[in-house]
Amino acid sequence: MFSLEKFIADCQQALEDPSPEQTVKKLVQEAIADPAAFKAAIEARGKSESIADAILFRSKELTVLPVSTAPGMMTPAHDHQMWAVIGIIDGVEPNDFFLEEDGALEKKSTKTFKAGEVAVLKGKVIHAISNPLDVQCYAIHVYGGDLVEQPGRSMWNPHTFKREPYDIVKLSQYVTEISESSAANALD
Ligand SMILES: [Fe+2]
């Protein structure tokens, strides 16, 4: 039977490996091979009120964050400054990838990860994710550091497109603002 506790312990153990993100990628692939069990384990923890509230495990070296996205949800662009492993449990997770050029953020590509897929993102990657479907989507994100307090992280204000220091509370607020406006636009 799938155990979130064992999954987290295995991810912690993976930090001892020379390429922990590749070991975590394998662990995530195994874990999401039974998407129903993973989803049930996350749902058993109840609804989260914010991104910070949804974090399952957090240390200086590792963050484990189940991501349950509502229809129409969008995040602002942000970086991580640590490796990230993204596994899609149910639905899709479109990732827009950006580069900062001459102080301006430019969207360079979009890759839509689908259920069963696992991606490894390098620390300098700038991305934004969304849920374009009309159903809830589920993913698991594992990061090689402290997602909340990793130094040097940035996010881009979705209204002014200016770079700001990463702040998980403010990011949640931006998600609400731009997701609501996208939902309102969809009703037009
Ligand atoms: Fe991210």
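Arg-58 stands opposite Thr-63 in strand β2, where strands are DSSP E runs of at least two residues, numbered from the N terminus along with helices (H or I runs of at least four). The model is predicted: local features need pLDDT of at least 70, side-chain atom pairs count only at pLDDT 80 or more, and totals for chains, interfaces and linings use all residues. Residues are numbered from 1 along each chain as its sequence is written.

**Strand pairing**
- Strands β1 (residues 57-58) and β2 pair in the antiparallel sense over two bridges; pairing requires at least two DSSP bridges between the strands.
- Four residues form the hairpin connection from β1 to β2.
- β2 also pairs with β9 (residues 137-143), antiparallel over seven bridges, and Val-64 stands opposite Val-142 in β9.

**Burial of β2**
- Six of the seven residues in β2 (residues 63-69) are buried, that is, 20 or more other C-beta atoms lie within 10 Å of their own, with C-beta atoms placed from the backbone.

**Nonpolar cores**
- The largest nonpolar core (buried Ala, Val, Leu, Ile, Met, Phe, Trp, Tyr and Cys residues joined through C-beta atoms within 7 Å) has 29 residues, and those with the most contacts inside it are Cys-11, Val-28, Ala-139, Ile-140 and Val-142.
- Elements giving two or more residues to this core include α1 (4-14), α2 (20-32) and β2; β9 gives the most, with six residues.
- Another core, of twelve residues, lies apart from it and includes Met-73, Ala-77, Ala-128 and Val-175.
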